[in-house]
Amino acid sequence: MLAGLAAAGRLAGAGWRLARADALLPRELRPLYPPALERMSRLAGLFAGPASRRGRPGERLARSLEGMGPVAIKLGQLLSTRADIFGAEFAQDLARLKDRLDPFPLAIARREIAASLGRPVETLFPELGPPVAAASLAQAHEARLHDGRRVAVKVLRPGIERQVEVDARVMNLAAGLAERFAPDAKRLEPRTLAASVIESVRRELDLRLEAAGADELRAVMALDGYMSAPIVVWEGVGRRVLTLEWARGIPLSDPASLEAPGLDRQALATGLIRAFLAQALDHGVFHADLHEGNLFVSAPDRIEAVDFGIVGRLGPDERRYLAEILWGFLQRDYDRVARIHFEAGYVPARHAVGDFAQALRAVGEPIFGRTARDVPMSRVLIQLFEITGQFDMHLRPELVLLQKTMMTAEGVARSIWPDLDIWTAADPVVRRWMARELSPAARLNRLGEQAGRVLSRLSKLAETPPAPPAPERREASAAVILAAAALVSALAALVVAVSAL
């Protein structure tokens, strides 16, 4: 009861903070609002206070979000990657939320490190400097190991776990209100979306899990070469502390990073898109927080990622659906894209495949082959949202991280190279996946594996002593097993023969 009242008070406080700063529906953007939003902006403006006169809309929103907790800050980080939607100035004003928040003192960081690792700081880090970056959940320090290696030490903010739980209650309350009072929001499954976001933030609060994610993704990235990750220093890992070798390059959040001598911005943007798709499609595991504060770049086109607190995963079916949808768009085969959506259950069966294909064509054709600079993404997103409404498409919980990461990665790539053609960047990774996974040999291999599993189950059934059957049933069971064995043998021979071609 008390927790619910506290969440309601915090939610009301957040709304009041945004209204006082004129950061929710800022007056500067009223000419762009539809009539209903324009009226709401004027109404909200009646509550604006002195804070509403300090700075641009993005600056006011950044200050407001910073005071509202880690989950709100992460929302600001996502918005800051989409300069193509909200404008370059607005995105730049929000960029400070990525890694330039107020740090906590070095003395507190030393205390946290010693408590988490169970040893004095000096036994591992003879040198530990002041914070070099501070984000919503943690901050990073430069340090040296006894062997001279330069490392980054990430330390969680004191009391952050309690703050996240408070934010979780507020977010759940807001989601419930949206589901009840905003009919158009129901398709987005607000409660499910909130639960997914909260779960991912909670996982970030155990830096031992992040160390494992960093180690896994470093191995995955090495297979493709589009992106790399620092080595984990395991003796410097605890629940609240993570140590990685120092990342090479300049953080992409530094405006000077893209002006570095010898940097190939087009190759850099292309590599970022291909890195994300290769991780998701080829390996089913991907870095799910690819904003500029987590990416370091160096000439000519090297990308090194940090902050592995959020790792996304895709099962075989989701990977196949994603690849076939992307391939259909690359081939401009909208009927195929539509059929995959129906097969995956993304669109209810009561709708017509042809109608959905027509809607997809209306989105795809105007942007196909055009560079990022020429595509008005705000209009495309509005059109996509309208289509999802027309065809009763609901949020898919298993795809939340994928969709969020795709949006972030594409936004960052556009900021690096505005003339990027997203489809051209994606083509070789998707083409490689299709050639490997949908070839006749691959299909036969999967069929052989399925037949093997069937035979294994049949064998187990045969080994289990059943109630004494009639003689003819015993003969029938033996005949079934022999037939299955013959089928598997034939399939195996066919797979070997095809593979040898």
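Let's start with Met227: leaving aside its neighbours within four places in sequence, this residue is in contact with Met221, Leu272, Ala275, Gln279, Leu290, Leu295, Ile303 and Ala305. Contact here means heavy atoms within 4.5 Å. Before going on, please keep in mind that this is a predicted model, where local features need pLDDT of at least 70, side-chain atom pairs count only at pLDDT 80 or more, and totals for chains, interfaces and linings use all residues. Residues are numbered from 1 along each chain as its sequence is written, and side-chain values use heavy atoms, with hydrogens and water left out.

So where does Met227 belong? The largest nonpolar core has 87 residues, and Met227, Leu272, Leu295 and Phe356 are those with the most contacts inside it. A nonpolar core is a set of buried Ala, Val, Leu, Ile, Met, Phe, Trp, Tyr and Cys residues joined through side-chain atoms within 4.5 Å. Buried means under 20% relative accessible area, exposed means over 50%, and partly exposed is in between, with a 1.4 Å probe and protein chains only. In soluble globular proteins, nonpolar side chains tend to be buried together. Helix 12, residues 265-283, gives the most to this core, with 10 residues. Helices (H or I, at least four residues) and strands (E, at least two) are DSSP runs, numbered from the N terminus.

Let's stay with helix 12. How does helix 12 pack against helix 18? The angle is about 25°, and the axes are 9 Å apart. Axes are lines fitted to C-alpha atoms, for helices over the stretch in contact, and angles run from 0 to 180 degrees between N-to-C directions. Helix 12 and helix 18 are therefore roughly parallel to each other. For these words, angles under 35 degrees count as roughly parallel, over 145 as roughly antiparallel, 65 to 115 as roughly perpendicular, and the rest as oblique. Helix 12 passes helix 18 in a right-handed crossing. A crossing is left-handed if the near helix is turned anticlockwise from the far one by less than a right angle, and right-handed if clockwise. On the helix 12 side, the residues that meet helix 18 include Ile273, Leu277 and Leu281.

Helix 18, residues 422-437, also packs with helix 13, residues 316-330, at an angle of about 130° and with the axes 10 Å apart. Helix 13 and helix 18 are therefore oblique to each other, and their crossing is left-handed. Trp327 and Phe329 are among the helix 13 residues that meet helix 18, whose side includes Trp423 and Trp433.

Our last helix pair is helix 9, residues 160-181, and helix 10, residues 190-203: their axes come within 8 Å and cross at roughly 165°. That makes helix 9 roughly antiparallel to helix 10. The crossing of these two is right-handed.

Now to the sheets. In one of them, 4 strands form an open sheet in the order 1-2-3-4, with antiparallel pairing. Two strands pair if DSSP finds at least two bridges between them. Strand 1 (127-134) and strand 4 are the edge strands, each pairing on one side only. On average, neighbouring strands of this sheet are turned by 30° against each other, direction ignored. Helix 8, residues 106-117, packs on the sheet and touches strand 1, strand 2 (138-144), strand 3 and strand 4, and its direction makes about 110° with that of strand 1.

Look at strand 4 more closely. Strand 3, residues 150-156, is joined to strand 4 by 5 bridges; Ala152 has Leu244 as its bridge partner, and Lys154 has Leu242. Strand 4 is mostly covered, with 4 of its 5 residues buried.

Just ahead in the chain, in the loop between helix 11 (207-224) and strand 4 (241-245), we find Gly238. Is Gly238 buried or exposed? At 5% relative accessibility, Gly238 counts as buried. Gly238 and Ser116 are 122 residues apart in sequence, and their C-alpha atoms are 5.4 Å apart in space.

The other sheet has 3 strands in the order 5-7-8, is open, and has antiparallel pairing. Strand 5 (250-251) and strand 8 (302-305) stand at its edges with a single partner strand each, so one side of each is left without a neighbour in the sheet. Strand 7, residues 295-298, is joined to strand 8 by 4 bridges, and Phe296 has Glu304 as its bridge partner.
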